[in-house]
Amino acid sequence: MKILEYLKLRAELEGVEHDLTEEFFESHLRGGFRRFYGVIVDSEGVVIEDQENQSPELMKHWKEQQL
C-alpha cells in the first residue's frame, strides 16, 4: 500500500517511529479517510500530496520511484 510505504520513508527521514499497519490504512480508507498526517491519498491509498512534508526532495524522490 503506497501510503504505508510513503509514511515509513518519511518517518525514517524524519527520525521518528512508524508503527501503523496496512490494516490500519485499509480500515480507514474504507471508512472514507483520505488524509493521514498531512498526506492526501486517493481511495486506493496512492499518495497525491504531502501538506506537512518538510523536505521538497522527499516528494520528488517518491514520485521518481513510482514511475
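Phe33 is partly exposed, with a relative accessible area of 43%. In this predicted model, Phe33 sits in the loop that runs between helix 2 (22-30) and strand 1. Ser43 is ten residues away from Phe33 in sequence, and the two C-alpha atoms are 8.4 Å apart in space.

Strand 1 covers residues 35-36 and strand 2 covers residues 39-41, and the loop between them holds Tyr37. The backbone of Tyr37 has a positive phi of about 50 degrees, although Tyr37 is not a glycine. Most residues other than glycine have a negative phi. The side of the question that concerns solvent is simple: Tyr37 has 51% relative accessibility and therefore counts as exposed, the cut-off being over 50%.

Past this loop comes Val39, which lies in strand 2. Is Val39 buried or exposed? Val39 has a relative accessible area of 0% and is buried. Which residues are in contact with Val39, leaving aside its neighbours within four places in sequence? They are Ile3, Tyr6, Leu7, Arg10, Arg34, Val47, Glu49 and Asp50. Of these, Ile3, Tyr6, Leu7 and Arg10 fall in the range of helix 1 (2-14), while Val47, Glu49 and Asp50 fall in that of strand 3 (47-50). Glu22, in contrast, is 17 residues from Val39 in sequence and 15 Å from it in space, C-alpha to C-alpha.

Helix 1 also contains Lys2. Lys2 is partly exposed, with a relative accessible area of 32%. Not counting residues up to four places away in sequence, Lys2 touches Gly45, Val46, Val47, Trp62 and Gln66. Val47 therefore appears among the contacts of Lys2 as well as among those of Val39. His28 is 26 residues from Lys2 in sequence, and their C-alpha atoms are 14 Å apart.

Trp62, one of the residues that Lys2 touches, leads to helix 3. In helix 3, which spans residues 56-66, Leu58, Met59 and Trp62 are buried. Seen down the axis of helix 3, these buried residues fall within an arc of 95 degrees, so they line one face of the helix. What covers them includes helix 1 and strand 3. On the other side of helix 3, Pro56 and Glu57 are exposed.

These elements can now be placed in the chain as a whole. The secondary structure comes to three helices and three strands, and along the sequence they follow the pattern α-α-β-β-β-α. Among contacts between residues at least 6 apart in sequence, 40% join residues at least 24 apart.

The overall dimensions can be checked against a simple rule. For 67 residues, a compact globule would have a radius of gyration near 11 Å, and the chain has 11 Å, which agrees. Along the principal axes, the C-alpha atoms fill a box of roughly 30 × 25 × 20 Å. Buried residues make up 30% of the 67 residues.

The surface comes last. The accessible surface of the chain is about 4600 Å², and carbon and sulfur atoms account for 49% of that area. As for charge, the chain has 8 positive and 15 negative side chains, and the centres of the two sets lie 4 Å apart.

Definitions and conventions:
Residues numbered from 1 in each chain as written. Predicted model: local features only at pLDDT ≥ 70, side-chain atom pairs only at ≥ 80, totals over all residues. Heavy atoms only, no water. Helix = DSSP H or I, 4+ residues; strand = E, 2+ residues; numbered from the N terminus. Rg over C-alpha atoms; globule rule 2.2 N^0.38 Å. Buried < 20%, exposed > 50% of the residue type's maximum accessible area, 1.4 Å probe, protein only. Contact = heavy atoms within 4.5 Å. Areas by Shrake-Rupley, 256 points an atom, 1.4 Å probe, with all protein chains shown as cover. Lys, Arg positive; Asp, Glu negative; His and termini not counted. Charge placed at Lys NZ, Arg CZ, Asp CG, Glu CD. Arc of directions from axis to C-beta.
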